[in-house]
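Good morning, and thank you for coming. Please take a moment to look at the structure on the screen before I begin.

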Amino acid sequence: MRTKTKIEFGDFQTPLALAREVCSLLAQQTIEASTIIEPTCGIGAFLVAAAETFPKARLLGWDINPDYVTQTETALLDAGAARRASVGQQDFFAHDWEKELAGIRGSILLLGNLPWVTNATVSGMNGSNLPAKENFQGFRGIEARTGKSNFDISEWMLIRLVKALRGRAATIAMLCKTATARKLLRFAWGNDGRISSASLYHIDAKKHFGASVDACLLLAATGEAGPAEAKVFEGLAAERAKATLGLAGPDLVSDLRAYRRLKHLEGLCPYQWRSGVKHDCAPVMELRRGNGRGLENKLGEYVAIEQDYLFPLLKCTDLANGRLVPERFVIVTQRKIGEDTSVIAKAAPRTWEYLNSHRKMFEARKSSIYSSRVPFALFGIGDYTFAPWKVAVSGLHRAPRFALIGPVDDKPVLFDDTCYFIPFEDEAEARVVAEILNSEECKEFLASLTFTDSKRPITVELLQRLNIRALAADCGLAAEWSEARHRAVRYTEQPESMQAEFVMERPVRSRQ
Ligand SMILES: C[S@@+](CC[C@H](N)C(=O)[O-])C[C@H]1O[C@@H](n2cnc3c(N)ncnc32)[C@H](O)[C@@H]1O
């Protein structure tokens, strides 16, 4: 199969040895299966392994690829299981899963490995291997526009299967990205998916599939609603769980035990966390000092523009690595969302000319948030952007490191949209908040909430869960914080209609 097709169909065949390992785990757990269904069976590794482990079970398999269907039939013939197997070509999205499952008597095991590809990748390739266009999981408005409605095809398929089971007792055993397994559980626990128990077993995706992604076997029993928690095992052979993840408070937490111990640190953060500025035009908007020739953009052009719209910039890697003296600058065309940018023409003609000379790049920005008529528009901008003091953190790094950032050459320092920050007018207040956030207590609490394999382990929603008052008390800074707060001229923020957290959309190169 050509690479493009392989990508669109999320085609990574499971090695037989791994399928056997999974089936022996199921046997060890005395999982019952009179009918085993492989919804996207590929060349049949799971059906062959299941035929060996469950010698009496009926075996049903489908795949969209007719060559794979033939190969699976041959493999099952060779395994001596052809008489109890039925394999056919079928598009998962067109399959009537309710009817299929309703027609099966006895215990059901849904086994396999669904396609590993996101809807964004399929759409980006002009592919058609997608569910019918609908607002996935109810993502609407700003979330959909900023990328949150991007989803894994396998997540959609798993939800489809859980819905089709309609609370019927069955076992689901599927290899998938660990993040996909969590999303399925999050959805099922929050939407009466009736999962009675669940566990995750990490697998080495690099070794088995050559993919640098955190993956697992999701094992779940359906039928009745059970506790919203799942044990997490380091590997298929691990005897003891390393942690239990689950639904606690408004979202999933990675370590329920630690979370319960530190639960008092959860609360409404008294500050509003903000995302850095979003422009989606880094080659033009971000500048660096060149070799003694002034500023250079990422296109290698020398840029001689006025200072008025230039601000020092830090990015997530700077924050994570403690490089807090800005070496970059960003052009900031607006002070609030929707502001008219044509004033730049008069106020800073060289800046205007520079922006205009790259107008096409701005117009090519895909996100619909830029669809207003204002040219060179930004997002994630407001009065808070220009606050002199900030406590900032990278959204993309596992170990959060909160940085205290003050003005440089009398200009506030800005961040890109991979960073989050709290704005302050007052240095002393910012300083004590940074200290509180960097305390061991805060680190431990954040670790109980975050999933280290997430693309963006730190989010606004997560940061907004930090009860600074309780944290200050636990780390012995309550008096300092209270005093600093009272002394500080409170930073007043204008109400803003939209506070979005941006999700980076990157081209997918490997299995994602
Ligand atoms: C990750 S591979 C796994 C194959 C097999 N389950 C295994 O474990 O080896 C995903 C499979 O899904 C199939 N597939 C992709 N899109 C499909 C669709 N819409 N309907 C049915 N099968 C599909 C691909 O052809 C591929 O064989």
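How do the axes of α8 and helix α9 lie to each other, and at what angle do they cross? The model is a predicted one, and in it these two axes come within 9 Å and cross at roughly 35 degrees. Helix α9 covers residues 178-190, and the crossing of α8 and α9 is right-handed. On the side of α8, the residues that take part are S154, E155, L158, I159, V162 and K163. They meet T180, K183, L184 and F187 in α9. By class, this contact of α8 with α9 has five nonpolar, two polar and three charged residues.

Let me turn to the nonpolar cores. The largest nonpolar core has 44 residues, and I37 and L185 touch the most other members. Helix α8, residues 153-165, gives the most to this core, with nine residues. What does L185 touch, once residues up to four places away in sequence are not counted? The partners of L185 are I195, A198, L200, L218 and A230. Apart from the largest core lies another core, of 39 residues, with C23, A45, F233 and L236 among them.

I now come to a second pair of helices. Helix α2, residues 16-28, packs with helix α3, residues 45-53, at an angle of about 40 degrees, and their axes are 8 Å apart. Because of that angle, α2 is oblique to α3. The crossing of α2 and α3 is right-handed. From α2, the contact is made by L16, A19, R20, V22, C23 and A27. From α3, A45, F46, V48, A49, A50, E52 and T53 take part. Sorted by class, the contact of α2 with α3 has 10 nonpolar, one polar and two charged residues.

Is α3 largely enclosed or largely open? Seven of its nine residues are buried, so α3 is largely enclosed by the rest of the structure. The buried residues of α3 are A45, F46, L47, V48, A49, A50 and A51.

I would also draw your attention to a residue of helix α2, namely L18. Why does L18 count as buried? The reason is its relative accessibility of 1%, because buried means under 20%. Leaving aside neighbours within four places in sequence, L18 is in contact with L175, I203, H208, F209 and L236. Of these partners, L236 is also among the residues of the core of 39. As for L110, this residue is 92 residues from L18 in sequence, and the two are 16 Å apart in space, C-alpha to C-alpha.

The last pair is further along the chain. Helix α17, residues 427-437, and helix α21, residues 478-487, pack with their axes 8 Å apart, at an angle of about 150 degrees. Therefore α17 and α21 are roughly antiparallel to each other. How is the crossing of α17 and α21 handed, left or right? The crossing is left-handed. In α17, A428, E429, V432, V433 and I436 meet E480, W481, A484, R485 and R487 of α21. The residues of this contact divide into six nonpolar, no polar and four charged.

To close, I return to the descriptions of the three pairs: α8 and α9 cross at roughly 35 degrees, α2 is oblique to α3, and α17 and α21 are roughly antiparallel. Thank you for your attention.

Note on methods
Residues are numbered from 1 along each chain as its sequence is written. This is a predicted model: local features need pLDDT of at least 70, side-chain atom pairs count only at pLDDT 80 or more; totals for chains, interfaces and linings use all residues. Side-chain values use heavy atoms; hydrogens and water are left out. A nonpolar core is a set of buried Ala, Val, Leu, Ile, Met, Phe, Trp, Tyr and Cys residues joined through side-chain atoms within 4.5 Å. Buried means under 20% relative accessible area, exposed over 50%, partly exposed in between (1.4 Å probe, protein chains only). Helices (H or I, at least four residues) and strands (E, at least two) are DSSP runs, numbered from the N terminus. Contact means heavy atoms within 4.5 Å. Axes are lines fitted to C-alpha atoms, for helices over the stretch in contact, and angles run from 0 to 180 degrees between N-to-C directions. Angles under 35 degrees count as roughly parallel, over 145 as roughly antiparallel, 65 to 115 as roughly perpendicular and the rest as oblique. A crossing is left-handed if the near helix is turned anticlockwise from the far one by less than a right angle, and right-handed if clockwise. Ala, Val, Leu, Ile, Met, Phe, Trp, Tyr, Cys and Pro count as nonpolar, Asp, Glu, Lys and Arg as charged, and the others, Gly among them, as polar.
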